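Trainee: I'm new to this one, so could we go through it together? I'll ask, and you walk me to each answer.

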Amino acid sequence: MGMKKAGDCETVEEVYVCLKELDEDKRRLRSPEDVEAVELEILSYTNQLAALLLKKISDKSGLF
């Protein structure tokens, strides 16, 4: 089974696990195109992480 897509991660912890797996998978980096693809994946995970953290904060404060 492969890694979850960023949008499928429902918790901050899931995003961290996926980022750790991505960091540890050195076999994916064979060409400049692979590096660009991994950079885009990292960006999608960090965007999901930010969204989940914002949701968590807004749920606690009741502002949104």
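**Contacts, core and overall form**

Mentor: Let's start with V15, keeping in mind that this is a predicted model. Leaving out residues up to four places away in sequence, V15 touches C9, Y45, Q48, L49 and L52.

Trainee: Okay, one of those partners is Q48. Is Q48 buried or exposed?

Mentor: Q48 is found in helix α2. Its relative accessibility is 18%, and buried means under 20%. So Q48 counts as buried.

Trainee: And which residues does Q48 contact, neighbours within four places in sequence left aside?

Mentor: V15 is one you've already met, since V15 touches Q48. Put the full set together and Q48 is in contact with A6, G7, C9 and V15.

Trainee: Which residues make up the largest nonpolar core?

Mentor: This core has 10 residues in all, and V15 is one of them. The elements giving it two or more residues are α1 (12–24) and α2 (32–61). The full list is A6, C9, V12, V15, C18, L22, V38, Y45, L49 and L52.

Trainee: L22 is on that list. What is the relative accessible area of L22?

Mentor: L22 lies in helix α1. Buried means under 20% relative accessible area, and L22 is buried, so look for a value below that cut-off. For L22 the relative accessible area is 6%.

Trainee: Which residues does L22 touch, not counting those up to four places away in sequence?

Mentor: Two of its partners, V38 and Y45, are also in the largest nonpolar core. I42 is another partner, and its C-alpha is 8.1 Å from that of L22, although the two are 20 residues apart in sequence. The whole set is M3, R28, V38, E41, I42 and Y45.

Trainee: Now V17. How far is its C-alpha atom from that of A37?

Mentor: V17 has its place in helix α1 and is partly exposed, at 45% relative accessible area. Along the chain, V17 and A37 are 20 residues apart. Their C-alpha atoms are separated by 19 Å.

Trainee: Is K20 buried or exposed?

Mentor: K20 lies in helix α1, and its C-alpha is 10 Å from that of I42, 22 residues away in sequence. The relative accessibility of K20 is 52%, while the cut-off for exposed is over 50%. So K20 counts as exposed.

Trainee: And A51, how far is its C-alpha atom from that of V12?

Mentor: A51 sits in helix α2 and counts as partly exposed, at 44% relative accessibility. Along the chain, A51 and V12 are 39 residues apart. In space, the separation between their C-alpha atoms is 9.4 Å.

Trainee: Stepping back, what radius of gyration does the protein chain have?

Mentor: The secondary structure comes to 2 helices and 0 strands. The C-alpha trace spans about 45 × 20 × 15 Å along its principal axes. A compact globule of 64 residues would have a radius of gyration near 11 Å, but this chain has 14 Å.

Trainee: What share of the residues count as buried?

Mentor: Q48 and L22 are two you've met in that group. Out of the 64 residues of the protein chain, the share counted as buried is 19%.

Trainee: Last one: how far apart are the centres of the positive and negative side chains?

Mentor: The protein chain has 10 positive and 14 negative side chains. The centres of these two sets lie apart by 4 Å.

Notes: Residues are numbered from 1 along each chain as its sequence is written. This is a predicted model: local features need pLDDT of at least 70, side-chain atom pairs count only at pLDDT 80 or more; totals for chains, interfaces and linings use all residues. Side-chain values use heavy atoms; hydrogens and water are left out. Helices (H or I, at least four residues) and strands (E, at least two) are DSSP runs, numbered from the N terminus. The radius of gyration is taken over C-alpha atoms; the globule rule is 2.2 Å times the number of residues to the power 0.38. Buried means under 20% relative accessible area, exposed over 50%, partly exposed in between (1.4 Å probe, protein chains only). Lys and Arg count as positive and Asp and Glu as negative; His and the chain ends are not counted. The place of a charge is taken as NZ of Lys, CZ of Arg, CG of Asp or CD of Glu. A nonpolar core is a set of buried Ala, Val, Leu, Ile, Met, Phe, Trp, Tyr and Cys residues joined through side-chain atoms within 4.5 Å. Contact means heavy atoms within 4.5 Å.
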